Number of protein chains: 4
Amino acid sequence: MAAGPCSVENQDQTLETAKAVKSYGGTLLRGGAFKPRTSPYDFQGLGRNGLELLRQARAATGLPVVTEVLSPQDVDMVAEVADVLQIGARNAQNVPLLAAAAASGKTILLKRGISSYIDEWLLAAEYILVHGNNKVILCERGIRTFEHACRNTLDVSAVAVAKKETHLPVFVDPSHAAGRYDMVIPLARAAVAAGADGLLVEVHPNPAIALSDGGQQLKPKQFGQLMAEVRPIVEVMGRRMADA
Amino acid sequence: MAAGPCSVENQDQTLETAKAVKSYGGTLLRGGAFKPRTSPYDFQGLGRNGLELLRQARAATGLPVVTEVLSPQDVDMVAEVADVLQIGARNAQNVPLLAAAAASGKTILLKRGISSYIDEWLLAAEYILVHGNNKVILCERGIRTFEHACRNTLDVSAVAVAKKETHLPVFVDPSHAAGRYDMVIPLARAAVAAGADGLLVEVHPNPAIALSDGGQQLKPKQFGQLMAEVRPIVEVMGRRMADA
Amino acid sequence: MAAGPCSVENQDQTLETAKAVKSYGGTLLRGGAFKPRTSPYDFQGLGRNGLELLRQARAATGLPVVTEVLSPQDVDMVAEVADVLQIGARNAQNVPLLAAAAASGKTILLKRGISSYIDEWLLAAEYILVHGNNKVILCERGIRTFEHACRNTLDVSAVAVAKKETHLPVFVDPSHAAGRYDMVIPLARAAVAAGADGLLVEVHPNPAIALSDGGQQLKPKQFGQLMAEVRPIVEVMGRRMADA
Amino acid sequence: MAAGPCSVENQDQTLETAKAVKSYGGTLLRGGAFKPRTSPYDFQGLGRNGLELLRQARAATGLPVVTEVLSPQDVDMVAEVADVLQIGARNAQNVPLLAAAAASGKTILLKRGISSYIDEWLLAAEYILVHGNNKVILCERGIRTFEHACRNTLDVSAVAVAKKETHLPVFVDPSHAAGRYDMVIPLARAAVAAGADGLLVEVHPNPAIALSDGGQQLKPKQFGQLMAEVRPIVEVMGRRMADA
């Protein structure tokens, strides 16, 4: 169960979120230092300073950290802090980045591209595996369809198909799939019931002032609610929460 | 929990399936007598004879029946046998049919169109409600997207959105969403966890020789497995199986 | 070249539009009397009275008329006035309606469903052909995709594929594809260059007060501009305008 | 009018294609040296050696060269040979690559992502413009939709919208949109009629033995046919072929 802010914004926000994630039973801290934004005029992340904040949060809580890397040149710098390197949906077929990330030897959390066929997603994973790094976590995060009630359409069948066709763990990011906080919990429940091995959830102490994706981030208390609703489904699936 | 064959094909198949559905805890028998097929050269259903087989199956098992109606002229004939009239995805915006079905006073199971926005689906329900018939069950059955690993993409967020925006019960048809039998159970679990009030599942004694949709129908034993996997999630959601 | 209002609204609007369509070289008058609307609270068309207005407009201008039919029961009534029966996108797989329209012996303009595969569209035409009526015009009108800058995405490749795989004439409706008047002319040009045999264009004397689809209807003068821009491309394609 | 092989494969193939492109009136040579492939087991391009072949072809024909760059580290090397740097659809939101390409000062041909909103495409161009490089060519290459008769759906409305909302030239790649050689010419005609400023067409002396995308490449003679069919539409649009 990974959770944390969309973007690392400052020390207070990062530490407060990390402690909340831990207190509610999260086992991995997520947070973006390098942010791939659609517009050049949006907040692009704190970069190196954001990594430092993540390092502090890990030291304070003991939670391992997953954070995104955008460029082959940044892999070494990010890998110094991150326990898990995230390849985002926009880079799902960025071959030089996949190769560089693989070479770090770190675990790679590979998001499905926003319009990747399941086959393309698994072949993107293959670009990591052929470099001798088999520590790959697949992550479904919603696909782009005609429907716009949510930001994306969570494809729960992709979880089941990926579980059947590979031996890799499959996570789900209900926050990006929903794009709205009030749909995150039902999507999280559905993901676990479909067979997901873990979740990646956005949490922010005050989503209303978040520098990115404010509408989809949960408050810490809502994250606690999510954990409470997901736990019994995890158990029904014959898993233990600590694995997720 | 509605289950039964895609098409009613003959007396043995219909009765055998109905008894299996009942024995595993199903509470509603589904089966198509009038089949809307993409090609005029495919099996179009047994029509009036199929209705007679459904009547016999109901008499033998006590299960109420849901079956599809395709034309305003057929509503009265179908309503004589059916407890619930199904409006299929291809007719999701067939206004004269919605009006005629509403006028029958029967409960209407309204499938979402294969590319209907959630808003359009709710407005289609409104075409029934404005005729003074408020016994409407919404049914999500997968939407058409770029992804083809499954026949359609089950949109679990539509379940959650529809539950939030209306007071109507929301069912899910994991069989048409999956289009392949090996994905029906995980999608059924996900649907219930997302908040679905019921499921509509295709079951056939021998899918290999089915006259329609053979690839996605469950054998009776697999339906039993589905029930066993879904039941604890229903309970986690604070529901009882009989309601579903 | 078919043109006319989305909906027939009153005598003045109908006659004024019909005369403008004729004066700019249109050869077929379109206009909806029975309107399939997404919401029951929107204008549903004038029905039988709308047919009477179309009959008058045909008498006044000599233009043959194409208009939509929504229900099998209405086919005879509509066929008394219409030279061409339109089956709309929402009814692209309404088998009883296809059969009833085919039996009228009239030419059928068959719109592609908003998410129909090309194969499904051609098989829908087959439902008409098997009734012994081979006077079918296929009409591409844009498909539903993730992109929302226009209401739908005009699929020009569908025109080329349908021309290759069938002997049927293929029309294009740039108005519904665009959903905005300022994109109708470029789409019309592209459609003809892709090989379309005709166009179906919405024209209204005063789109700002139209009872349906105001945003996508052209003013008569803009329709004249469309004709002027399309004519030389028709000629480059080795066709004559009168055929279109 | 840019044309050339999908991949640069060897000296003979490259020179023969370049000469054919020139002889039929092409004004820009395309050819891939660094190939972004879905699978790591597919041909990944000749890399640096491919650039050398492009340099020779340019010297032999005088045609300027457009070729793709995949990684920020490769920009300088590719920019030594290329007159125009191509950013492919898979990298449509690869911010570090957009920045590095912009900094080269070269003209950038920016393909639309396979599921990019038009807005996202224009904002990707903005990532180049904010680096002070305004030599950007937008290139529509088909979007991913449910329809699979062609590899992608050419979005001609995107051409018209981009022409309206920006001052940038807009090219179209009918080869990737079609994914099949027999649909390239009608799509090329439609693109020009929609207002495209240029085309990017794949040509190969012997598509049957091409190392990539064999099914969609034109033979030189077919390219000649395309030029013959496109030229009169270019003129109807009030343009001269040399501009394209």
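User: Which residue of strand 6 of chain D does D:Leu110 stand opposite?

Analyst: In this predicted model, D:Leu110 faces D:Leu138 of strand 6 of chain D.

User: What makes strand 5 and strand 6 of chain D a pair?

Analyst: Two strands count as paired if there are at least two bridges between them. Strand 5 (residues 107-111) and strand 6 (residues 136-140) of chain D share 4 bridges, so the criterion of at least two is met. Their pairing is in the parallel sense.

User: Into what do the 8 strands of chain D close, and in which order?

Analyst: They close into a barrel, in the order 1-2-3-4-5-6-7-8, with parallel pairing. Neighbouring strands of this sheet are turned by 25 degrees against each other on average, direction ignored.

User: How do you know that strand 4 and strand 5 of chain C are joined?

Analyst: The pairing criterion is at least two bridges. Between strand 4 (residues 84-87) and strand 5 (residues 107-111) of chain C there are 4 bridges, so these strands pair by that criterion. The two run parallel. C:Val84 has C:Thr107, in strand 5 of chain C, as its bridge partner.

User: Which strands of chain C does helix 1 touch?

Analyst: Helix 1 (residues 11-23) of chain C packs on the sheet and touches strand 1 (2-4) and strand 2 (28-30) of chain C. The direction of helix 1 makes about 145 degrees with that of strand 1 of chain C.

User: In which order do the 8 strands of chain C close into a barrel?

Analyst: The order in chain C is 1-2-3-4-5-6-7-8, and the pairing is parallel. From one strand to the next the twist averages 25 degrees.

User: Why are helix 4 and helix 5 of chain D called oblique to each other?

Analyst: The axes of helix 4 (residues 95-103) and helix 5 (residues 118-129) of chain D cross at roughly 45 degrees and come within 8 Å. Angles under 35 degrees would count as roughly parallel, and 65 to 115 as roughly perpendicular. The crossing of these helices of chain D falls in neither range, nor over 145, and they are therefore oblique. The crossing is right-handed.

User: Which residues make that contact, and how does it divide by class?

Analyst: Helix 4 of chain D contributes D:Val95, D:Leu98, D:Ala99, D:Ala101 and D:Ala102, and helix 5 of chain D contributes D:Ala124, D:Tyr127 and D:Ile128. The contact has 8 nonpolar residues, no polar and no charged ones.

User: What makes helix 8 of chain C and helix 8 of chain D roughly antiparallel?

Analyst: Helix 8 (residues 184-194) of chain C packs against helix 8 (residues 184-194) of chain D at an angle of about 155 degrees, the axes lying 7 Å apart. Angles over 145 degrees count as roughly antiparallel, and the two helices 8 of chains C and D are therefore roughly antiparallel. Their crossing is right-handed.

User: Which residues of helix 8 of chain C meet helix 8 of chain D?

Analyst: C:Pro186, C:Arg189, C:Ala190, C:Val192, C:Ala193 and C:Ala194 meet D:Pro186, D:Arg189, D:Ala190, D:Val192, D:Ala193 and D:Ala194. By class, this contact has 10 nonpolar, no polar and 2 charged residues. Arg counts as charged, while Ala, Val and Pro count as nonpolar.

User: How do you know how helix 9 of chain C is oriented to helix 9 of chain D?

Analyst: The angle between helix 9 (residues 220-236) of chain C and helix 9 (residues 220-236) of chain D is about 160 degrees, with the axes 10 Å apart. The bound for roughly antiparallel is over 145, so helix 9 of chain C is roughly antiparallel to helix 9 of chain D. The crossing of these two helices is right-handed. C:Pro232, C:Ile233 and C:Val236 meet D:Pro232, D:Ile233 and D:Val236. This contact of helix 9 of chain C with helix 9 of chain D has 6 nonpolar residues, with no polar and no charged ones.

User: What relates chain A to chain B?

Analyst: A turn of 180 degrees, with a shift of 0.0 Å along the axis, lays chain A on chain B with an RMSD of 0.0 Å. That is why the relation is that of a two-fold axis. In chain A, the C-alpha nearest the axis belongs to A:Ala190, 2.1 Å from it. The same surface serves both copies, as 100% of the contact residues of chain A recur in chain B.

User: How many residues does the contact take from each of chains A and B, and which helix of chain A gives the most?

Analyst: The contact takes 29 residues from chain A and 29 residues from chain B. On the side of chain A, helix 6 (156-165), helix 8 (184-194) and helix 9 (220-236) each give two or more residues. Helix 8 of chain A gives the most, with 7 residues. The side of chain A that touches chain B divides into 21 nonpolar, 5 polar and 3 charged residues.

Notes: Residues numbered from 1 in each chain as written. Chains lettered and ligands numbered in written order. Predicted model: local features only at pLDDT ≥ 70, side-chain atom pairs only at ≥ 80, totals over all residues. Least-squares fit on C-alpha atoms with pLDDT ≥ 70 in both. Contact = placed C-beta atoms within 7 Å. Axes fitted to C-alpha atoms, helices over the stretch in contact; angles between N-to-C directions. Left-handed = near helix turned anticlockwise from the far one by under 90°.
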